[in-house]
Amino acid sequence: MSNLAVLGLQWGDEGKGKLVDLAAERFDIVVRCQGGNNAGHTVQVGDQIYKLSLVPSGILRPGTVAVVGNGVVLDPEALLQEVETLRGVGIDVRSSLLVSDRAHVVFPHHRLMELSSEGENSGRRIGTTSRGIGPCYEDKASRRGIRVAELLSEEIFPRRFRAVAAEKAAIAKALGIGRPWDPEADLRRYQKLAERLRPYVGDTTAYLSEAVSSGKRLLFEGAQATMLDIDFGTYPYLTSSNASAGGLCTGSGVSPRLMHDIVGVAKAYATRVGEGPFVTEAHGEAEKSLRKVGREYGTVTGRPRRCGWFDLPLMRYAHSINHLSSLFITKLDVLDGLASIPVCTAYRLDGKTLDRMPAIAEDLARTEPVYQELAGWERPTAGTTEFEKLPRAARQYIDFLEERLDVEIGGVSTGPRRAETIVRDGSALQRILS
Ligand code: GDP
Ligand code: IMO
Ligand code: MG
């Protein structure tokens, strides 16, 4: 039984939630492996819009089990709130959500730490989602973290929490950045949250291993994207986890031998939220129009997304890291009505054409795009469900990207709804979704 991973290839918000929701029908279990409630995955079913953050989008399909893996950093309050919202719209979360006991817990002091590093005068602003994600992963790596298993232990949690709080308070005092903070109040609050979380917690790695042995199909739901990956993205303007293929295994405890297919998701153009280099960023009216038509405002923070054009060197880089089985291009309809569409075919830096992605953000920020203008199309693509029914120039646009990327474009999304999707005949994507 083949398993599938859905990964973002740009800077997030490519429409991973939509593809996961489409695919979930064919899978038994949907797994989140990294990130936390910095993710915002929007799924539209008919006229109902669901915004998922920590709970895998697959939960919307009845009978699908949703697993929050060990690599996720978990804000219990945010998770429980999401659970309540989902129950409010009739989704049976109690019997279908399983949270790893090895996931690290996000505490209020993580958000406070982030506020100080993200302040106006910090000199190293990344433009994060302010959810405490980075500081929680920092504690994980420095072995000061507290995981769900410890949170649930009445004996161990107070001890661990008080030790960590004392250390944080001492550091804050030494740096002169102390804010009024009552750790005992947080401790009591989290003890209450622990009891509400307890029914959902288990050993997800054992669960997934048994599921694989009994022939169940797993769907891995990526959060963030390759260019936000802590190792391969635009360091330091990125998130704190491995959002590309490698993170799937460490974040779930599922062996690389069981990652059968990886489908990458990319917009037909490009967006980014927060700071950092963006070679194909558009400016002026062109950017405004992409933002308006594409409704490019962050799901989590509501911030306007920076908008620009499809970037072939970036996508080739993302493909080289993830070795995709297929590529799913979303939001083609947002380009409807443009007379011509620039596509970046190469990077130039200091007068030379680059053959690799610069490692240093400052170099990437100076890199210039080489554009080729492709013809726009005369009638809308919105809602089209068959490739052959797209306007000729839209087909040529997709074919051009496919040819330059050397990976199949197996599907195209032409609107936010499930049905507004093209899956190309004979493609690997069609096989995977069948
Ligand atoms: P994710 O984080 O990768 O799951 O993506 P987000 O949900 O943050 O952002 C994608 C947005 O685009 C959502 O509001 C989707 O409903 C919407 N969307 C997805 N596919 C399409 C599409 O083909 N056309 C249009 N117009 N909107 C889409
Ligand atoms: P989904 O899963 C878009 C960005 C933030 C910021 C950087 C670091 O919906 O695609 P963090 O809070 O993670 O420390 O912020 O990463 N970022 C995202 N941008 N989509 C996301 O998730 C993102 N998650 C983080 O804007 O630039
Ligand atoms: Mg998103």
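**Exercise 1.** In this predicted model, decide whether Gln224 is buried or exposed, then look at its backbone.

*Solution.* Start with the surface: Gln224 has a relative accessible area of 7%. Buried means under 20%, so Gln224 is buried. Next, find its place in the chain: Gln224 sits in the loop between β10 and α9. Finally, check phi: the angle is near 55°, which is positive even though Gln224 isn't a glycine.

**Exercise 2.** Do the same for Arg143: is this residue buried or exposed?

*Solution.* Take the accessibility first. Arg143 comes out at 75%, and the cut-off for exposed is over 50%, so Arg143 counts as exposed. Now the location: you'll find Arg143 in the loop between α4 (133-141) and α5 (148-151). Its phi is near 65°, again a positive value in a non-glycine residue.

**Exercise 3.** Work out which residues coordinate the magnesium ion (ligand 3), and which parts of the chain they tie together.

*Solution.* Look at the contacts first: Asp13 (OD) and Gly40 (O) coordinate the ion, at 2.0 to 2.1 Å. Then place them. Asp13 belongs to the loop between β1 (4-8) and α1 (16-24), and Gly40 to the loop between β2 (29-32) and β3 (41-45), so the pair links parts 27 residues apart in sequence. Last, check the surface: Asp13 is partly exposed at 23% relative accessibility, while Gly40, at 12%, is buried.

**Exercise 4.** Find which residue Tyr235 is joined to by a cis peptide bond.

*Solution.* Follow the bond: Tyr235 is joined to Pro236, with omega about 5°. Then locate the proline: Pro236 is in the loop between β10 (218-221) and α9 (246-250).

Methods. Residues are numbered from 1 along each chain as its sequence is written. Chains are lettered from A and ligands numbered from 1 in the order in which they are written. This is a predicted model: local features need pLDDT of at least 70, side-chain atom pairs count only at pLDDT 80 or more; totals for chains, interfaces and linings use all residues. Side-chain values use heavy atoms; hydrogens and water are left out. Donors are N, O and S atoms within 2.8 Å of the metal (3.2 Å for Na, K and Ca); water is not among the atoms, so sites may look incomplete. Helices (H or I, at least four residues) and strands (E, at least two) are DSSP runs, numbered from the N terminus. Buried means under 20% relative accessible area, exposed over 50%, partly exposed in between (1.4 Å probe, protein chains only).
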